Amino acid sequence: MKNSTSALTMPILVFALLTLLILFTGCAGLSANPSANPAPTSAAHGTFVFVNGFESSLSPTDGFRLNPDGTLTPLPESPFPITGFLAVSNGFLVVASPNVIDTYKVDPATGVPSSVGSAAIGSPGAMAADAKGVYVVGFASPDTLIYGFSVSDSGALSQLPGSPYVFGSICELCLLPNSLALNSNFLAMGTEGFRASGNISVYVRNADGKLVPGGATGFDEQDHVALQRPGGNVAFSSHSALIGLNSYLLDTSGRPSAVMSFGSDISFVDETFDATGKFLIGLDNTGMVHVFTIDSATAGFSQIGTSESAGNGANLIAMDPSGHFVIVAQSSTQTLSPSPDQITVFTFDPASGAMKRLQSYPVGKSPGRIAIVAE
């Protein structure tokens, strides 16, 4: 009987010991390295990239979902019958086309934009926006105007105090706006005129969004402009047909003072700031991205690295709102060498400024406008 009892209890004891061993081992494994597989840094959930061409007012808009790993997934209903300049304000996609500016609510599940607001403007020439408002250049003979709007939580557009603001007259030799840049303090405009002459004109942006004329640079052929974001008093300029990148320090009244230039043998075609204003990111005509650190007090800047080239035909750069991904557009019409119509995604480290090329995606003809909406 004793032996029989031992035979029955032995498997039970072994099972109990094995169970305790497994539990102990599992718990020890969980506590030994709780961050062994950390979640990858990602863009905001429900982030969508919209791209269209700048050479045709009829160019439809391609749409992609920006995934957490930086890959893009084409939206099922893309391309969308949306044409014109693209921007984002208060979570809405904003589109400026001849005589009208529209706002679109982007469905976070499908990425489909639906029109929710509209207002009249002149023929658009450039646009910039942030969470507090949107500004668009409009040509309405005999004047070049800047229209300013706030975007409500429903997407409705309301003109800002004093809008539209008169920039100048329309004439053969007059300067015409080519690009706009915006931060919480200023609006800056890159212009181009007769024989590629141009300058930067700066407006002070009041708390209510109203623009007050500030100062301008000389006629130093600068048709692209970037402003330190979200605030700051540092501006940068370049000219897509020339060489060099130039910095300016803005005083409180918007008067710019030239500080320094970089790249006597490099042609920069576009530039932007990262989400924190710590880095300037400049795109050259070979598709290489240059990363600079900024001295906010002096407008001095220093290159700390470059990316792998995206390729010929590069003409536009954008950063997603999370600050972790950079998108470069290439156009087949912007170079004499063969170039695809595509966008290329790079990772961006907001701590170090380091970049890594991920993948390219085909888009419609001559991509030249990008808007990134984060839900």
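Trainee: Hi! How many helices and strands are there in the chain?

Mentor: The chain has one helix and 29 strands. Helices (H or I, at least four residues) and strands (E, at least two) are DSSP runs, numbered from the N terminus. This is a predicted model, where local features need pLDDT of at least 70, side-chain atom pairs count only at pLDDT 80 or more, and totals for chains, interfaces and linings use all residues. Residues are numbered from 1 along each chain as its sequence is written, and side-chain values use heavy atoms, with hydrogens and water left out.

Trainee: Thanks! What share of the residues is buried?

Mentor: Buried residues are 49% of the 375 in the chain. Buried means under 20% relative accessible area, exposed over 50%, and partly exposed in between, with a 1.4 Å probe and protein chains only.

Trainee: And how much area does the chain expose?

Mentor: About 16800 Å², with carbon and sulfur atoms supplying 59% of it. Those areas come from the Shrake-Rupley method with a 1.4 Å probe, and for residues only the protein chains shown count as cover.

Trainee: What part of the contacts comes from residues 24 or more positions apart?

Mentor: They account for 49% of the contacts with a separation of 6 or more. A contact means heavy atoms within 4.5 Å.

Trainee: Let's pick a strand. Why is β4 largely enclosed by the rest of the structure?

Mentor: Strand β4 covers residues 85–89, and four of its five residues are buried, so the rest of the structure largely encloses it.

Trainee: Which strand is joined to β4, and by how many bridges?

Mentor: That is β5, residues 92–97, joined to β4 by five bridges and running antiparallel to it. Two strands pair if DSSP finds at least two bridges between them. One bridge puts A87 opposite V94 in β5.

Trainee: What happens in the hairpin of β4 and β5?

Mentor: Two residues sit between the strands, and N90 takes a positive phi near 55° there. For background, most residues other than glycine have a negative phi, and most peptide bonds are trans.

Trainee: Where else is there a positive phi in a residue that is not a glycine?

Mentor: A299 has one, at about 70°. A299 lies in the loop between β23 (289–294) and β24 (301–306), and it is buried, with a relative accessible area of 0%. S366 also has a positive phi, near 55°. The place of S366 is the loop between β28 (355–362) and β29 (367–374), and S366 is buried too, at 2% relative accessible area.

Trainee: Okay, peptide bonds. Is the one from S78 to P79 cis or trans?

Mentor: The bond from S78 to P79 is cis, with omega near 0°. P79 is in the loop between β3 (72–74) and β4. The bond from S163 to P164 is cis as well, again with omega near 0°, and P164 belongs to the loop between β11 (157–159) and β12 (165–169).

Trainee: New topic: in what order do β17, β18, β19 and β20 come in their sheet?

Mentor: The order is β17-β18-β19-β20, in an open sheet of four strands with antiparallel pairing. Its edge strands are β17 (224–227) and β20 (256–262), each of which pairs on one side only. From one strand to the next, the twist averages 25°. Axes for such angles are lines fitted to C-alpha atoms, for helices over the stretch in contact, and angles run from 0 to 180 degrees between N-to-C directions.

Trainee: How many bridges link β19 and β20?

Mentor: Six, with β19 (residues 245–250) antiparallel to β20. Across that pairing, N246 stands opposite S261.

Trainee: Any charges to look at? How many salt bridges are there?

Mentor: The count is two. A salt bridge is a side-chain nitrogen of Lys or Arg within 4 Å of a carboxyl oxygen of Asp or Glu. One joins D130 and R205, whose closest N and O atoms are 2.6 Å apart. That pair links distant parts of the chain, with D130 in β8 (residues 123–130) and R205 in β15 (residues 200–205), 75 residues apart. R205 is buried, at 7% relative accessible area.

Trainee: And what does R255 pair with?

Mentor: R255 forms a salt bridge with D251, the closest N and O atoms being 3.1 Å apart. D251 counts as partly exposed, at 27% relative accessibility.

Trainee: Last one: what about D284, how far away is the nearest side chain of opposite charge?

Mentor: It is R357, 11 Å away, and D284 is buried with no salt bridge. Here Lys and Arg count as positive and Asp and Glu as negative, while His and the chain ends are not counted. D284 is in strand β22 (residues 279–284). Beyond its neighbours within four places in sequence, the contacts of D284 include F268, H290 and A314.
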